[in-house]
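Hi,

Here is the structure I said I would send over. Have a look, and my notes are underneath.

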Amino acid sequence: MMLGAGAAACVLAGQRPASAVLTNGGERLSRQHSPGPRLADLNPDRMWPVYRRYHLLIVGQRDDERSGVLTAAVVDLLSHHLPGSRPQLVSAADARRIGVLIATNQQDIAIMQAESAEALFLAKPPFADIHEAPLQIIVSFGSHVLVCRRDFMARHAFLLAQTLAGHGEALPAAATAPQGVVPAHRGAHAFFAGEEMPND
């Protein structure tokens, strides 16, 4: 199963896992997910829920070189500074696929162009059929943003924002507070506002 899971990290498919974990200073954090509607079943072998239970999967975009570079850098940084998250880079064909994955509870976190995130949030093309996508932003990289689902655990969003903003020199672009029409995730907002880490 370990070999199969490792290979699976190179191909994007799946649905939300039963739980996901992040750690801070050795503390193990978990959260529960509930199933949601889906536009397509991208998990034919049913193994992604198992794999995603123990890894933070960050979706990049194959047709956008900048997205790929940022996603790889974020995964590398988290591997060194938030190792308990066990980050893995996975790739989607394009922004449309990322929108579907986020909107249908199949993935939690992705890096996409800021204008694509805004279009997804506002249900504009190529996302005109995806209404009320539960999209929020953890950090901004200028032209790109690290997005997540609204139900992503606030404590985890805080840790990601804290780690990425605190080690911006290791990234192609500094991680800053979310900007634009897509709302900041409340965990990220707490970090950038200088508030304490949420407990949930």
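Before the counts: helices here are DSSP runs of H or I with at least four residues, and strands are runs of E with at least two, numbered from the N terminus. On that basis this predicted model has seven helices and seven strands. Going along the sequence, they come in the pattern α-β-β-α-β-α-β-α-β-α-β-β-α-α.

Some overall figures: the protein has 200 residues, and 53% of them are buried. It exposes about 9,000 Å², with carbon and sulfur atoms supplying 53% of that area. Among contacts with a separation of 6 or more, 74% are between residues 24 or more positions apart.

The part I spent time on is α4 (95–103). Seven of its nine residues are buried, so the helix is largely enclosed by the rest of the structure. The buried ones are Ala95, Ile98, Gly99, Val100, Leu101, Ile102 and Ala103. What covers them includes the strands β3 (56–61), β4 (87–92), β5, β6 (135–140) and β7 (144–149), plus the helix α5 (114–121).

Both ends of α4 have something to look at. At the start, a side-chain oxygen of Asp94 comes to within 3.3 Å of the backbone nitrogen of Arg96. After the helix comes Asn105, with a positive phi near 65 degrees. Asn105 sits in the loop between α4 and β5 (109–113).

And is Asn105 buried or exposed? It is buried, because its relative accessible area is 8% and the cut-off for buried is under 20%. Its side chain also makes a polar contact with the side chain of Arg149, at 2.4 Å.

Cheers

Technical notes
Residues numbered from 1 in each chain as written. Predicted model: local features only at pLDDT ≥ 70, side-chain atom pairs only at ≥ 80, totals over all residues. Heavy atoms only, no water. Buried < 20%, exposed > 50% of the residue type's maximum accessible area, 1.4 Å probe, protein only. Polar contact = N/O pair within 3.5 Å; in protein donor to acceptor, adjacent residues only side chain to side chain. Contact = heavy atoms within 4.5 Å. Areas by Shrake-Rupley, 256 points an atom, 1.4 Å probe, with all protein chains shown as cover.
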